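Biologist: Please take me through the lining of the second largest pocket. How many of its residues are nonpolar, polar and charged?

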Amino acid sequence: VEKGGEKGGRDSDVFQSPILPKPLFGHHRSAKIRQQARSSISSSVETTKANRMNAGGMRPGIILLREGTDTSQGKAQLISNINACQVVSDAVRTTLGPRGMDKLVADGRKVTISNDGATIMRLLEIEHPAAKTLVDISMSQDAEVGDGTTSVVLLAVEVLKQMKPFVEEGVHPQILIRHIRKASSLAVQKVRELAVSFDINTPEGEEMLLKTASTALNSKLIASHQDLFAPMIVDAVKSLSQEVDGLDDLRGMIAIKKIPGGDVRQSFLVKGVAFKKTFSYAGFEQMTKNFTNPKVLLLNVELELKNEKENAEVRIEDPEQYQSIVDAEWQVIYDKLDACVNCGANIVLSKLPIGDLATQYFADRGLFCAGRVEDGDLKRVAKATGATIQTSTNGIFEGVLGTCANFEEKQVGDERFNLFTGCPNSLTTTMILRGGSEQFIAESERSVHDSLMVVKRSLKSQAVVAGGGAIEMEVAKYLKEHALAIEGKGQLVVNAFAKALEIVPRQLCDNAGFDSNDILSSLRRKHTQDEDGTWYGVDIENGDIMDTFVAGVWEPSDNKSNSLASASEAACVILSIDETVINPRSQDPGAVNGMMGGGGMGGQQPGLSNTMAGAMDMVNAQKGGSRSGNLGNGVSYLKGRGGG
């Protein structure tokens, strides 16, 4: 620090910089010079940096996606998708087969115990975008065939696992996809060639239906009660097959009712319609609860005394005129009730409420009525009895009434059921399931549904194949022989696809606790060397191999065809993905609204979120400019006279 004198002899403190020359002037002028020097130095540094960037080719990147977007592409992300699918398959792998284990899934509200692949996949709520494809094929298999939902997931993942080494070695995914589709079509064609057809109108056909139903129940919770449920399921589905399109509406025509309590052996089948007693008013117990050859009237009409729905203003000059208005309202409901009685009906069912007045009115005249009947039950009653659902009580004639042989109210456990039996149209049936716990009955319902779908598919295709891994081993042998005639990489891909099919018998062995390597070696030898080894599969009871067709382990051919086609298609979809882009969720709750300009935002600039618009308002206000029209937090516009 030096003392520098100004004009007039006054001293001033000046800080000397190593870059700047020694000050020659006073304090104010020297400070100004220093500031100019510093700004020139900083600008020269920025210019140098810019020149270096241009010289070295370093240019700023172009941003197309929102900040935080996760993008991955190439071989690494494809392998990552395959690994994610393997993790999903590990969750359901142990549920396959008669010795499969159950999974307990709790979502905070209810607990589900199941070994049904589609149910577990749906409850897992998988977030990985590629792995969700497995959920889709499992649900598709459940809707189309009913059974095989676990095996279709295992097949798809095993195909991907066998293709993983080829991806790592640089084989193009399109080559893999082309040969997977070729192998899949060959496999489906081979299944159709091997399928054994039958006639359902012969005793052998009846036995085959029973065995396919039993096979579907083998891996379920009620496997030990096949002798009870298999005949019930076959009877229910065969009653539908009497019509041309009866099987298509299986869910609508076969009802499954669950009643907690009692033993599972107390479950029974009603050849007709059964539904739980609905909410009832006073006078219900006085009704007749048993009819023979009754006439049934079905309504979609509310039989209740109702006040005016809208605010009505009626001007009267005499108090007696008010009574006439009240009497008119009562006359409306009595006209409806008289129309129901005069048509000759003994049973009146309505989708809408039937009030206490109507209940007592019908009870006094020996009729039975029930309101708030579920839509599905009402449609089943209409289908079974031949009645037509009426939306008005005017003009009811005998042609719209239905009939049945017997109607009764029956106590089942803690519930009372209304049963329609001996119906002229025997399409509809109702299964009443009993059980000790809610979880057990829910799993029984899923098991019965799968078996119903399998029998339905057997009736449609009228062809079966042997289960227990036999059909997979035979198709794998055929593909390996066919691969020898293929040149190039396709031979390796088809061989890998054939090896992937062995996952079904291998997993059956693992779940039963047997040595899968020994049993698979025996199966390969039997299928390759012996002519009669076509239907040899895994013997779950003895840990060996056996002819599963002779043992009665039969499945519809459509089940296997659909599994192979769906699994191959899912594998091809995942292999065809070369880039995954995951967009982040918006952190600013007003960001979506901020993209909407115009009058809806009160004059706010378009394209700005609430946060950004608020910041710009503050800056504009400090500069004396106008605000955008937004008020502060917690303040709303006041609407009054002349206001908006």
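Modeller: Eight residues of that lining are nonpolar, three are polar and seven are charged. Here Ala, Val, Leu, Ile, Met, Phe, Trp, Tyr, Cys and Pro count as nonpolar, Asp, Glu, Lys and Arg as charged, and the others, Gly among them, as polar. The model is predicted: local features need pLDDT of at least 70 and side-chain atom pairs 80 or more, but totals for chains, interfaces and linings use all residues. Numbering starts from 1 along each chain as its sequence is written, and side-chain values use heavy atoms, without hydrogens or water.

Now the space itself. The second largest pocket holds about 380 Å³. A pocket is an open set of points on a 1 Å grid over the protein atoms alone, where a 1.4 Å probe fits and protein lies on both sides within 12 Å along at least five of seven lines; lining residues have an atom within 4 Å of a point. The volume is the space filled by probe spheres set on the points, which are joined across faces, edges and corners.

The lining of this pocket counts 18 residues. Closest to the centre are Lys-110, Lys-258, Glu-438, Ala-442 and Arg-446. Look next at the elements behind the lining. Strands β5 (111-114) and β7 (254-260) each give two or more residues, and so do helices α3 (117-123) and α13 (438-461). Helices (H or I, at least four residues) and strands (E, at least two) are DSSP runs, numbered from the N terminus. Helix α13 provides the largest share, six residues. Ala-442 and Arg-446 are among the residues closest to the centre, and the range of α13 is 438-461.

Set the largest pocket beside this one. Its volume is about 620 Å³. Of its 33 lining residues, Gly-97, Pro-98, Thr-215, Ser-219 and Leu-508 come closest to the centre. By class, nine are nonpolar, 14 polar and 10 charged. At least two lining residues each come from α5 (149-168), α7 (203-218), α16 (503-512), β19 (536-539) and α18 (557-575). Helix α5 gives the most to the lining of the largest pocket, with three residues.

To return to your pocket: seven charged residues stand in its lining beside eight nonpolar ones. Lys-110, Lys-258, Glu-438 and Arg-446 are among those closest to the centre. Helix α13 supplies six lining residues there.
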